[in-house]
Amino acid sequence: MDDTDQRLLTLLATDARASASDLAAQLNVSRGTVQNRIGRMQDQGIIKRFTVELGDGPQDRQISAFTLIRVAADDGKLAIATLKRIEGVMDISTLSGEFDLVVELRTGSLRELDSLLDKIRAIKDVAQTQSHIRLMTVAR
C-alpha cells in the first residue's frame, strides 16, 4: 500500500458512499485508478466491507448496547452460532481476558433490549453476561 491507497482509505472511512469520480478528484488521479485500487484492496482483504452507520435520528433501533459474555464451553462455537441467528445482534467479537465475547446489540426500546438479553442468557453455553448501554458515540 502506498500513500495514495492510505489517502483513499481515509476518504472512504469518512464517506464510503463517495463516488469514484469525487474520490479521484480529491486524490488527483483518474476514476479508473480509484476503481482499480478499491478492487485490489477488496481482493487483498484490506477493505472487508462497506457499511452504514446509523445516526441519532428518529429511526428504529435507537438503543445500542454491548454485552460481555463468558461461555462455559472451551471454544464458544455453539454460543456464537446461536448469537448469529438472533435479531438485534449486530456484531460478535472474541476477547481475551475475563470475558470470552462481546456482542453489539441494537433494539428499538429498552423493553426489546431486556427481551434480547433474556434470549442471550438462555443460550446453553452462556455462563455469565454483563451489559452496557451506549449513551453516546464520540467522533474519532
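Which residues are exposed on the other side of H4? The legends below take up this question along with other views of the model, which is predicted.

**View 1. The whole chain, with five helices and four strands.** Along the sequence of this predicted model, the elements follow the pattern α-α-α-β-α-β-β-α-β. The C-alpha atoms fill a box of roughly 55 × 40 × 25 Å along the principal axes. The radius of gyration of the chain is 19 Å, whereas a compact globule of 140 residues would have one near 14 Å. Of the 140 residues, 31% count as buried. Among contacts between residues at least 6 apart in sequence, 61% join residues at least 24 apart.

**View 2. Helix H4 (77–84) and its two sides.** Lys77 and Lys84 are exposed on the other side of H4, while Ala79, Ile80, Thr82 and Leu83 are buried. These buried residues fall within an arc of 165 degrees when seen down the helix axis, so they line one face of H4. Their cover includes S1, strand S2 (89–94), S3 and H5.

**View 3. Leucine 83 and the largest nonpolar core.** This core has 17 residues, of which Ile69, Leu83, Ile86, Leu105 and Ile120 touch the most other members. At least two residues of the core come from each of strand S1 (63–71), helix H4 (77–84), strand S3 (101–107) and helix H5 (110–121). H5 gives the most, with four residues. Leaving aside residues up to four places away in sequence, leucine 83 touches Ile69, Val89, Ile92, Leu101, Val103, Ile120 and Ile123.

**View 4. A second, separate core.** Eleven residues make up this core, among them Ala18, Leu27, Val34 and Met41.

**View 5. Helix H1 (residues 3–14) and its buried side.** The buried residues of H1 are Thr4, Asp5, Leu8 and Leu12. They cover an arc of only 95 degrees around the axis, which puts them on the same side of H1. Helix H2 (20–27) and helix H3 (31–43) are included in what covers them. The face turned away from this buried side carries the exposed residues Asp3 and Thr14.

**View 6. The start and the span of H1.** At the start of the helix, a side-chain oxygen of aspartate 2 comes to within 3.1 Å of the backbone nitrogen of threonine 4. The end C-alpha atoms of H1 are 17 Å apart, which agrees with the 16 Å that its twelve residues should span at 1.5 Å a residue.

Key: Residues numbered from 1 in each chain as written. Predicted model: local features only at pLDDT ≥ 70, side-chain atom pairs only at ≥ 80, totals over all residues. Heavy atoms only, no water. Expected span 1.5 Å × (residues − 1). Buried < 20%, exposed > 50% of the residue type's maximum accessible area, 1.4 Å probe, protein only. Arc of directions from axis to C-beta. Contact = heavy atoms within 4.5 Å. Polar contact = N/O pair within 3.5 Å; in protein donor to acceptor, adjacent residues only side chain to side chain. Core = buried A, V, L, I, M, F, W, Y, C linked by side-chain atoms within 4.5 Å. Rg over C-alpha atoms; globule rule 2.2 N^0.38 Å.
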